Amino acid sequence: MKNKILRFNDIIYLTCIWTSGLSVLVMSLIVPWGIFTRYVLGTGSPWPEPVAVMLMVVFTFFGASAAYRARGHIAVAMVTERLPKKLQGPLASVIDVLMLIVALFTLVYGAKLCIETMNQVIGQLPWMPVGVTYLPVPLGGLTTLIFVLEHIFLGEQSKRAVVTFDHEKKEEVV
């Protein structure tokens, strides 16, 4: 059962990584387009800025979730690694509880935000409800919650092959 859960979480982790990476890629294409249309063509496109902001929210929440699982988030390691060994364990438990609270808060209140703003539209994108733009908040909270629970009950997973990219190594022929 543990292996099935970890494999499922590996898929969630890779989805977070790919979603974050693609968000940055698309954002890095959209922003120059907005600059080009404004300064070269003389008529700015209204959509690049709100789409870039939305993609930044996607990158932030899914990237932070993946960083938590990989133990690459600066807040996770910065404090605990500087303390004596005997204090690191209890403090790590406190951090897990705090992260659990933050993830639950983000999930619950992010979902409420999405629901409450679903009837509003973005001025530059009248076909898109505002609530859709906030969806990365509760979804990022959910993935973070999954990774926090994984860490609490199954231990640290930052050394898994999918996290360290060892799954991509090819066998060397001797």
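Select helix α1 and colour its buried residues (under 20% relative accessible area with a 1.4 Å probe, protein chains only, where exposed is over 50% and partly exposed lies in between): these are Leu6, Asn9, Asp10, Ile12, Tyr13, Cys16, Ser20, Ser23, Met27, Ile30, Gly34 and Thr37. This is a predicted model, in which local features need pLDDT of at least 70 and side-chain atom pairs count only at pLDDT 80 or more, while totals for chains, interfaces and linings use all residues. Residues are numbered from 1 along each chain as its sequence is written, and side-chain values use heavy atoms, leaving out hydrogens and water.

Show next what lies over those residues: the cover includes α2 (48-69), α6 (136-154) and α7 (161-164). Helices here are DSSP runs of H or I with at least four residues, numbered from the N terminus.

Staying on α1, pick Cys16, which counts as buried because its relative accessibility is 2%. Where is the closest cysteine sulfur to that of Cys16? It is in Cys114, 16 Å away, which is too far for a bond, since a disulfide is a pair of cysteine sulfur atoms within 2.5 Å. Cys114 is buried as well, with a relative accessible area of 4%, and a search of the whole structure finds zero disulfides.

Move to Leu113, found in helix α4 (residues 85-116), which counts as partly exposed because its relative accessibility is 33%.

Finally, colour by pLDDT, the predictor's confidence in each residue from 0 to 100: among the elements of the chain, helix α3 (residues 74-80) has the lowest mean, 68, and α6 the highest, 97. Where pLDDT is low, the predicted coordinates should not be read in detail.

Definitions and conventions: Helices (H or I, at least four residues) and strands (E, at least two) are DSSP runs, numbered from the N terminus. Contact means heavy atoms within 4.5 Å.
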